[in-house]
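Colleague: Got a minute? I'd like to go through this structure with you.
Modeller: Sure, put it up and ask away.

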Amino acid sequence: MASRASAERSSSSESVRPNDLPGDPNCPHCQGVGYLRTDVPVGHAEFGKLEVCVCRRSKVANLVRDRLFALSHLDELKDLTFESFKPRGRKGLGEMQTRSIEMAFNHSQHYAQNLRGWLLLQGGYGCGKTHLAAAIANFAVSMGVPTLFLTVPDLLDALRFAYGSEDTTFEERFDQIRNVKLLVLDDFGTQNATGWAQEKLFQIINYRYINKLSTVVTTNLSLDEIEARIRSRLSDPELVSAVRMSAPDYRRPMEDTSHPELSSLDLLASKTFGTFDERIIEKLAPEELRSLQRAIKSAHSFSEKPKGWLVFEGTYGSGKTHLAASIANYRAGLGDPPLFVMVPDLLDHLRAAFSPNSGTSYDRRFDEVRTASLLILDDLGSQSATPWAREKLHQLLNYRYNAELPTVITVAKENLDQGLVDERIITRMLDERLCEYIEIKAPAYQGKGKRKIGKK
C-alpha cells in the first residue's frame, strides 16, 4: 500500500509550478507529484522506497518516458540503477574504501529524490561514479524529469555537429543543454581543452550555476586541476555537495589507489611488525634495545591511528625502513593503502611529468603526493642535492606540515651529519607539537643472535 505524497511535494517542490509536476495535478493520490512512498513501518526493507503513481502509468506516460530516455543518451546505461549498484562495493575492500562507496551511494540516492543543488562525484577510474550518475539520471527520467546524461566530450561534439545540422541550430542545441531540468556531465576533464571548448563549458556551467539548475558532475580530477572559473562554481558549498570515492577500479580489482607506478611497497611485502621481532632477539646493548622498543611501540600506535608526523632516525640498516614499511603494510591490510616511496624515486616521478610523453601533468602528480592521506617518505637526504630537489621537498613537506597531514619519514644519521637535509625541513621534523622524533640507536642488523663487531 502507498501513502499520500502531499508532504513530499510541500517539502521538495515549494517553487515548482503545477504544470511542471510529472503527475496529474488532479490525482487524488499524489496531487501531481507523480510518486508516493510505500506505507510500511520503519526498518522494513521497502521503507522509504518511491513508487510511480497510477496517474503516470499510462500509455502516454510510457511514451514520454521513452522520449526522455532517448533524449538523455541513457539507452546503453539503463541497467545502471541504484538497485544494481553494490552500496558497500565488492568483497575484499577495506573499511575506509567501503565507507566512501556507501557514502556516495547514500548521497546520490538522496539527491535523486529531491534534485536540489549540484552533486560532484570525484574518484579514480572504475570506482563507480558513472554508475551512480546514471542511476540518478535513470531515476529522474522514470519520474518524468527532463534529463540529459552526457560525457563532456560528447556534449562538445553535440554542439560542434549542430553547426552543420539540418534538424537543429547550434543555438537550439546549446539552449537545450543549458536549460534542461537535470544535466549530468560525466567524465569532466577528459575533453579536449581548446579555448572554444573551455568557453562553451563555462557558459553552460555558469548559466546553470546562476539559475541553480540541478546538475551532476563526475570527474577523476582534483579541483586544483579544473579551470579556475569552473572550479570556483564547483567549490561553492552552498550549492554543491562534493563526495570523493576512494575505491579502486572494479575492472582491475587487484590494483589500488596508492599510485602503483610510484609506490615501493610491493618490494617490501615481507616487512611487517611480526618479522621485525628478529631485531629484538638480537644481542643488543640496553640503550640500543630501549630505542628499538620505543620505535616499535610508536610505529604500532601510529599504524592504528595515523596522526601527525613520525620520524625515524638511525644509521643505515638499523630498521627504519622496516618499521615504516610495517606501518604501510598494516594500513594497506585495512584497505587504506598509503603512498610509500623512496625520496629519489619520488623526485624522478615528478621530473618525468615534464616529458612530452607524460600522460599526467606535473601539477597533478605533485598534488597527488602532497595531499595523500598518508605519505611515507623513505631515506630522506639520499636524493641528489640540487636546488630544484631541495625546493620541491620543502614545498611538499611544508604543505603537509601546515595541513597536519599524517606523514612518516625515515632519515639516515649519516645524511643528517653531512648536511644533506634542508634545515627548513629539519625544523619541522623537530616540532614536538606535530612530530614524534625517534632516534634508533641500534647498529645495522647482522642476523639472529649476532652482536655487532667490537662488542663482547
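Colleague: Which charged end sits over the ring of Phe 174?
Modeller: That of Lys 200. Its charged end is 5.6 Å from the ring centre. Keep in mind that this is a predicted model.

Colleague: Where does Phe 174 lie?
Modeller: In helix H6, which covers residues 170-179. Phe 170 lies in helix H6 too. The two are four residues apart, about one turn of the helix.

Colleague: How many aromatic pairs does a search of the whole structure find?
Modeller: Five. One of them is Phe 170 with Phe 174, and it is stacked, because the ring centres are 5.7 Å apart and the planes are at 15°. Stacked needs planes under 30 degrees apart.

Colleague: Are Phe 170 and Phe 174 buried or exposed?
Modeller: Both are buried.

Colleague: And what kind of pair do Trp 309 and Tyr 401 form?
Modeller: An edge-to-face one. The distance is 6.1 Å centre to centre, with 75° between the planes.

Colleague: Why does that pair tie together parts that are far along the chain, and how many residues apart are they in sequence?
Modeller: Trp 309 lies in strand E8 (residues 309-314) and Tyr 401 in helix H14, so the pair ties together parts 92 residues apart in sequence.

Colleague: What about burial for those two?
Modeller: Trp 309 is buried, with a relative accessible area of 2%. Tyr 401 is buried as well, at 18%. The cut-off is under 20%.

Colleague: Which residues form one aromatic cluster?
Modeller: Phe 82, Phe 85 and Phe 105.

Colleague: New topic. Where is Arg 400, and what salt bridge does it have?
Modeller: Arg 400 lies in helix H14, residues 387-403. It is buried yet has no salt bridge. The nearest side chain of opposite charge is Asp 367, 9.4 Å away. A salt bridge has to be within 4 Å.

Colleague: Which side chain does Arg 400 join in a polar contact, then?
Modeller: That of Thr 407, at 2.8 Å. Beyond its neighbours within four places in sequence, Arg 400 is in contact with several residues, including Trp 309, Arg 370 and Leu 405.

Colleague: Arg 370, you say. Over which ring does its charged end sit?
Modeller: The ring of Tyr 399, 4.3 Å from its centre.

Colleague: Last one. Is Ile 226 buried or exposed, and where is it?
Modeller: Ile 226 is in the loop between strand E6 (214-219) and helix H8 (228-234). It counts as buried, at 3% relative accessibility.

Note on methods. Residues numbered from 1 in each chain as written. Predicted model: local features only at pLDDT ≥ 70, side-chain atom pairs only at ≥ 80, totals over all residues. Heavy atoms only, no water. Buried < 20%, exposed > 50% of the residue type's maximum accessible area, 1.4 Å probe, protein only. Lys, Arg positive; Asp, Glu negative; His and termini not counted. Polar contact = N/O pair within 3.5 Å; in protein donor to acceptor, adjacent residues only side chain to side chain. Contact = heavy atoms within 4.5 Å. Phe/Tyr/Trp six-rings, centres within 6.5 Å; stacked < 30°, edge-to-face > 60°. Lys NZ or Arg CZ within 6 Å of the ring centre and 35° of its normal.
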